[in-house]
Amino acid sequence: ITIPMAVFTFGDNLFLDFMAWTTRLFWTFDMTMSSLTGVVLTDGSVQFDVRFILKRYLKTWLALDTFIVVSDWMELIAAGAGG
């Protein structure tokens with residue numbers, strides 16, 4: 001059972017602000033690191049070719065990472081515009 005957090009009213013909370021910034025920055029830097037990390041192939045070898053890594057990242061995780069990062073930053077922008 002999940003309780004939506006929008007039901008509760010939270011005041012300014014340093015811990016929640018810290019965690020919001022931590023996750024926002026983590027996912028932003030994760031995109032960079034994921035595009036620079038070697039890939040383990042099925043034969044056990046590790047591929048360090050940047051073009052190969054970028055192609056594989058584009059085919060696998062880029063869409064989800066982009067969705068997460070853009071939504072986090074848009075939330076910050078929207079909160080700043082509304083407040």
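Me: A patch joins residues with over 30% relative accessible area and no salt bridge: like charges within 9 Å, nonpolar side chains (Val, Leu, Ile, Met, Phe, Trp, Tyr) within 5 Å. How much accessible area does the nonpolar patch on the surface have together?

Reply: This is a predicted model, where local features need pLDDT of at least 70, side-chain atom pairs need 80 or more, and totals for chains, interfaces and linings use all residues. Residues are numbered from 1 along each chain as its sequence is written, and side-chain values use heavy atoms, without hydrogens or water. A salt bridge is a Lys or Arg side-chain nitrogen within 4 Å of an Asp or Glu carboxyl oxygen, and areas are Shrake-Rupley values with a 1.4 Å probe, with only the protein chains shown as cover for residues. Val7, Phe8, Phe10, Phe15, Leu16, Phe18 and Met19 form the patch, and their joint accessible area is about 720 Å².

Me: Is Met19 buried or exposed, or in between?

Reply: Met19 sits in helix α1. Its relative accessibility is 32%. Buried is under 20%, exposed over 50%, and partly exposed in between (1.4 Å probe, protein chains only). Met19 therefore counts as partly exposed.

Me: How many aromatic pairs does a search of the whole structure find?

Reply: Phe, Tyr and Trp rings (six-membered for Trp) pair if their centres lie within 6.5 Å; planes under 30 degrees apart are stacked, over 60 edge-to-face, the rest tilted. On that basis, the aromatic pairs in the whole structure number 2.

Me: Why is the pair of Trp21 and Trp73 classed as it is?

Reply: The ring centres of Trp21 and Trp73 are 5.8 Å apart. Their planes meet at 75°, so this pair is edge-to-face.

Me: How many residues apart in sequence are the parts that Trp21 and Trp73 tie together?

Reply: Trp21 is partly exposed at 38%, and Trp73 is partly exposed at 27%. Helices are DSSP runs (H or I, at least four residues), strands likewise (E, at least two), numbered from the N terminus. Trp21 belongs to helix α1 (residues 14-34) and Trp73 to helix α3 (residues 62-82), so the parts tied together are separated in sequence by 52 residues.

Me: Which residue lies over the face of Trp21?

Reply: A charge sits over a ring if Lys NZ or Arg CZ is within 6 Å of the ring centre and within 35 degrees of the ring normal. The face of Trp73 is covered by Arg24, 5.7 Å from the ring centre. Over Trp21, at 4.8 Å from the ring centre, lies Arg24.

Me: In which element is confidence highest?

Reply: pLDDT is the predictor's confidence in each residue, from 0 to 100. The protein averages 88, and 92% of the residues score at least 70. Confidence is lowest in α3, at a mean of 89, and highest, at 96, in strand β2 (residues 46-47).
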